[in-house]
Structures are given as structure tokens and as C-alpha cells.
Amino acid sequence: MAYSKTLAAGILAMMFLAPSIQATDPDPLQDFCVADLDGKAVSVNGHPCKPMSEAGDDFLFSSKLTKAGNTSTPNGSAVTELDVAEWPGTNTLGVSMNRVDFAPGGTNPPHIHPRATEIGIVMKGELLVGIIGSLDSGNKLYSKVLRAGETFLIPRGLMHFQFNVGKTEAYMVVSFNSQNPGIVFVPLTVFGSNPPIPTPVLTKALRVDAGVVELLKSKFADGSTGI
């Protein structure tokens, strides 16, 4: 009798769980899921799919990264994104790309991608690539000047930067294992948050006077990334 009750309970549990198992299948259930960026359907993690009859075929191809960005910015760099918002065909596939252009002396300031590992290749010029380890590594800085054709790898969540050390323009192309890797620019996050981080918190954390904190906050008051 006890066995029968246990078996019945197990069958009922499987019946109730079956729909959720289908809804969270880790493998693709169709060839493509082109993001319906204007879709009103409920989205748990990503975008709903357009009907394949409406998807066309341009979601498989893009020429956006062929064009250099405008590096006349405070940081002397420009990022051209090719994530799911710019290339809906990447929806659910866990991939995206960026192109970053640098003027001489330009920088892609210290930042973090909270949702992706990054791999990149320098296409032109000379870039100093820096990666800062976590506290476990003693906050060690790993850095190297890379030239055209050389590559780098940045583990998910580690702070990193690039700086054009050459005398000419430079650019790189990077790939992520996420359709939406996200980005946290350290200077903007600390000094340009909305609402602002209280000045006493930053004076304690950074061990500087309030005047220094207020000056830095004024540099990022417009919320601009500078690239």
C-alpha cells in the first residue's frame, strides 16, 4: 500500500512538472529564434521569437562591423555593438560581437561584462590590454601590448581595459558567449550612478576628500560613457 501511494505521488509530480521541463529545455527546439524586439509576449530570459515566415534571411548576416566608429569622444574610442538588440538573430544562441575603434591615445576604460567571457583580436594598430584579477589573485594586473593578429581572453566578470599605445588609429573585434553580455563601466558606475552614491561613502572607500569626489562626480553627471 505504501509503495502504491509513493508511485502515485511520483506520477502526479511528473505530470505537474512536465510542462515546466518542456519550457526550460536547454537545447534548441527550432533552427532559429529571431528576436521579436517589439513583441509583447512574456519574456523570462531573452526575447520571444518572430514567426519564421516573418524573419526573412538578413538575421543571418550583418555588415555593421565593417564601419569604423567615431572616436571623437572623451575617451578617444567608439564601440559598435552587435548584440541581440542590433542583430536579433543571435537571440537564444548565446553569442554576440563588438568592434572597438581607438584614436591614438584612446582608451576603452576599465569595465566588466557581468554575463559573458570575452575573446578578442587586434585587427589594426597596437593596444595595451589589461586584465585585473580578483582579490583572490591579489588584484594582480595582467597586461601586454598586442599587435594586429594577436588575441586576448577575458574571463567573465573580471575588470579589464584597452589603451592605444601606438601613433596611429587602432581597432579590435571581440566576441562574447552571451547575446547580451552587459557592461559596467567602473568610472561611470562609481561617479555617475543614478541616484548618486552618497559622497561620504566614496570619501571613505577611496580615502580622499569630499571635494575630490564631487569633482569626479561632475565629470560623469550627464551619464555618458565617454565612448
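Two residues are in contact when heavy atoms of theirs lie within 4.5 Å. Keep that cut-off in mind as we walk through this predicted model, starting from a single residue and working outward.

Our starting point is threonine 71, found in the loop that runs between helix H2 (52-55) and strand S1 (77-82). Leaving aside residues up to four places away in sequence, threonine 71 touches Gly76, Ser77, Ala78, Asp101, Phe102 and Ala103. Is this threonine buried or exposed? Its relative accessible area is 16%, and since buried means under 20%, threonine 71 counts as buried.

One of those contacts, Phe102, leads us to the sheet. Phenylalanine 102 stands opposite alanine 170 in S9. Strands S2 and S9 pair in the antiparallel sense, over seven bridges. They belong to an open sheet of five strands, in the order S1-S2-S9-S4-S7, with antiparallel pairing. The edges are taken by S1 and S7, each with a single partner strand, so one side of each has no neighbour in the sheet. From one strand to the next, the twist averages 20°. As a general reminder, strands of a sheet pair through backbone hydrogen bonds, either parallel or antiparallel.

Phe102 also brings us to the largest nonpolar core, which has 14 residues. Which of them touch the most other members? They are Phe102, Leu127, Val129, Leu146, Phe152, Met172 and Val174. Strands S2 (96-102), S5 (126-132), S7 (151-154) and S9 (170-176) each supply at least two residues of this core. The largest share, four residues, comes from S9.

Phenylalanine 152 is a good place to look around. Not counting residues up to four places away in sequence, phenylalanine 152 touches Glu118, Ile119, Gly120, Ile121, Val129, Leu146, Gln162, Met172 and Val174. There is also a second, separate core of six residues, with Phe191, Leu202, Val213 and Phe220 among them.

Now let's step back to the whole chain. The protein chain has five helices and ten strands. It is made up of 227 residues, of which 30% count as buried. Among contacts with a separation of 6 or more, 69% come from residues 24 or more positions apart. Finally, the accessible surface of the protein chain comes to about 14,200 Å², and 60% of that belongs to carbon and sulfur atoms.

How values were computed: Residues numbered from 1 in each chain as written. Predicted model: local features only at pLDDT ≥ 70, side-chain atom pairs only at ≥ 80, totals over all residues. Heavy atoms only, no water. Buried < 20%, exposed > 50% of the residue type's maximum accessible area, 1.4 Å probe, protein only. Core = buried A, V, L, I, M, F, W, Y, C linked by side-chain atoms within 4.5 Å. Areas by Shrake-Rupley, 256 points an atom, 1.4 Å probe, with all protein chains shown as cover. Pairing = 2+ DSSP bridges. Axes fitted to C-alpha atoms, helices over the stretch in contact; angles between N-to-C directions.
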